[in-house]
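Biologist: I am new to this structure and would like a close look at a single part, the aromatic rings that pair with one another. Please take me through them slowly.

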Amino acid sequence: METPVVSPPFGVIVPGRPLLSQFAQVEPTKWLTEITQANTIRSMTVILTQPISNPGLVISVYISPPPYNEWVYLGHMSNQSPSQTFDLLWPRKYQQNVFTAQVGFIVESAENITSKVSPFSREEEYKMFIKFIGDDLFLYLESFNKRSDNGEFLLLPTKALDMWYEKFQNKFKRDPFFWTKPKDMG
């Protein structure tokens, strides 16, 4: 059975392309659309075309590159914020290849969104994230510090960076904002 195509109360604007207003409704509160040649897109804007009838609800926006099994939360729209522009930063493996991304929309409770939203501005977030990554990597590598009669030195396993990166990814999957929390909570 084919998924019906409907016009929900929102749309997607990709610079230089026509407005996307037709979406496949996959569940009563979930919609999908595809964006072709997504590797060429650096931003997109989502808009509400009519108010949300229940003020306690928001429409969350997610995106996924192939094979569409990892969804990234971009943000949400509400009656108080009826449009949002999202920067799209594709992982390196996608930047050089032509691919189609899926964009998902879910009607959710505004209360559920607070765990997905960072309390910091985007610029503050980037600075904090870069500092956190540097500090986290330094502390991880420092754990390999060895002392001898000749002083201190680092003796690193060949896959030390891979091991750190895997540990970091696991933390990030559990909580994308773990790095914004005090050290004893991350």
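Modeller: Tyrosine 165 is partly exposed in this predicted model, because its relative accessible area is 45%, a value that lies between the 20% under which a residue is called buried and the 50% over which it is called exposed. Tryptophan 164, by contrast, is buried, with a relative accessible area of 9%. The structure holds eight aromatic pairs, and among them is an edge-to-face pair formed by tyrosine 140 and phenylalanine 144, whose centres are 5.5 Å apart and whose planes stand at 80° to each other. Tyrosine 140 counts as buried at 14% relative accessibility, and phenylalanine 144 is buried as well, with a relative accessible area of 15%. Tryptophan 164 and tyrosine 165 also form an aromatic pair, which is tilted, with 6.5 Å from centre to centre and 45° between the planes. The angle of 45° gives the label tilted because planes under 30 degrees apart would count as stacked and those over 60 as edge-to-face. Two values are quoted for each of these contacts because a pair of aromatic rings is described by the distance of the centres and the angle of the planes. Elsewhere, ring pairs join Phe10, Phe23, Trp31 and Phe105 into a cluster. One further aromatic residue deserves a look for its backbone: tyrosine 68, although not a glycine, has a positive phi of about 65°, and it sits in the loop between E6 and E7, where it is partly exposed with a relative accessible area of 25%.

Methods. Residues numbered from 1 in each chain as written. Predicted model: local features only at pLDDT ≥ 70, side-chain atom pairs only at ≥ 80, totals over all residues. Heavy atoms only, no water. Helix = DSSP H or I, 4+ residues; strand = E, 2+ residues; numbered from the N terminus. Buried < 20%, exposed > 50% of the residue type's maximum accessible area, 1.4 Å probe, protein only. Phe/Tyr/Trp six-rings, centres within 6.5 Å; stacked < 30°, edge-to-face > 60°.
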